[in-house]
Amino acid sequence: MMRTKIAVSAALGLGLVFGAGAPALSSNLTSTDEESATDLAAAVVPGQELERITDGKIEKGETAYVDVTVATLWTDSKAPRKVDKPALGHPVDLDKWNKNLKKTDVRRGLTGKVETQAAYGSEVTVLKTKGDWAKVAVKDQSTSKNKKGYPGWVPKKQLVENDRFGQLKDDQPRAVVTKKKSELEGIEFTKDTGADVSFNVDLPLIAQDVDDVRVALPGGGAAWIDFDDVAVYDTGGKPAKPSGSDLVKTAKQFDGLRYLWAGVSPYGFDCSGFTYSIYRAHGIDIPRDSGEQATAGKKVSEGDLKAGDLLFFSTSSGTVHHVGMYVGDGKMIHSPNASKDVYVTDWKSWDTGNEFSGARRII
């Protein structure tokens, strides 16, 4: 079965596509354009359009990109414990970190130490630096804490400055990972190969064939990802508006995944990181935290609940502390706490403290 190809920006795509040795995709090219493109390719040094543009520094006010599988944002540089070392390097070893966090009390110990996480390729603004650490704001995670995005501290080694990658993100089509985890293959024109790609990773598309897509990497260079592992969108494009059942289907692929405080990846979610990530996978941005999610969309009555609605639970003082997604038939799917996995439950039976404080409809 032949796949539909998407047009790659001719302004930037010619050198990228031909220089990388991959098939040209622009449907806007005439035969004369194609001949000119071939002549242009002959003068191009392979990979030069993918080289990182950087001054080699991570400084206040700059835009940077996450250059590890998942970067964890901490409350400060002293927050990580010895067991958290696998999450601090370049590359990170998140499987080892999860093994270190096997015991519930050790996993629970992350509470108050971690702010959020950011996936490979995520754009951040550098708010300040201190030694080997940088305080950054994650652009795509809205919060009242900072208008530039969700803030926290990360090791500088997990970030990269690359103006060319930023230009590609603005100008090129996108390949967004839809599977829980995938792999970068055929990496070229870079020595920076220390990351994997996972759910919701969003990278610039520079070429495509029947089986794979070729993407630009934040640290420079390019790699292939299996076509079946991504959704491809033209420049400025977004997914079609989902139904509630679409959201639930996406959420259920994470059934059984261990809870992780501040988690927003298939290596672990917290409650609001889970709902934020599911909606984001369908092109819908909601706030990062449950308290602010509780003001998104519109209020819906308990008797009118539909699949995809968000259910909120509050303390006696009215502070929202938990969110789940309604799946229908009186059940919700959620990532409840450090002793549990993502799972589906009867939400009223689960709510033994009678903490239900309302529901919101986003779509």
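This report covers a six-stranded sheet, a helix that lies across two of its strands, and the second largest pocket in a predicted model.

## The sheet

The sheet is open and has six strands. Their order is β10-β14-β13-β12-β8-β15. The pairing is antiparallel. β10 (185-188) and β15 (230-233) are the edge strands, and each pairs on one side only. From one strand to the next, the twist averages 35°.

Strands of a sheet pair through backbone hydrogen bonds, either parallel or antiparallel.

## β12, β13 and the helix across them

β12 spans residues 202-208 and β13 spans residues 212-216. The two strands run antiparallel and are joined by three bridges. A207 has R214 in β13 as its bridge partner.

Helix α5, residues 163-171, lies across both β12 and β13. The helix runs at about 75° to β12.

## The second largest pocket

The volume of the second largest pocket is about 370 Å³. Its lining comprises 25 residues. Closest to the pocket centre are Y259, W261, D270, C271 and H321.

Two helices and two strands each supply at least two residues of this lining. The helices are α7 (271-281) and α8 (290-293). The strands are β3 (114-119) and β20 (320-328).

The lining is mixed in character: nine residues are nonpolar, nine are polar and seven are charged.

Terms used
Residues numbered from 1 in each chain as written. Predicted model: local features only at pLDDT ≥ 70, side-chain atom pairs only at ≥ 80, totals over all residues. Heavy atoms only, no water. Pairing = 2+ DSSP bridges. Helix = DSSP H or I, 4+ residues; strand = E, 2+ residues; numbered from the N terminus. Axes fitted to C-alpha atoms, helices over the stretch in contact; angles between N-to-C directions. Contact = heavy atoms within 4.5 Å. 1 Å grid on protein atoms, 1.4 Å probe; cavity = no way out; pocket = protein on both sides within 12 Å on 5 of 7 lines; lining within 4 Å. Points joined across faces, edges and corners; volume = space filled by probe spheres on them. Nonpolar A, V, L, I, M, F, W, Y, C, P; charged D, E, K, R; others polar.
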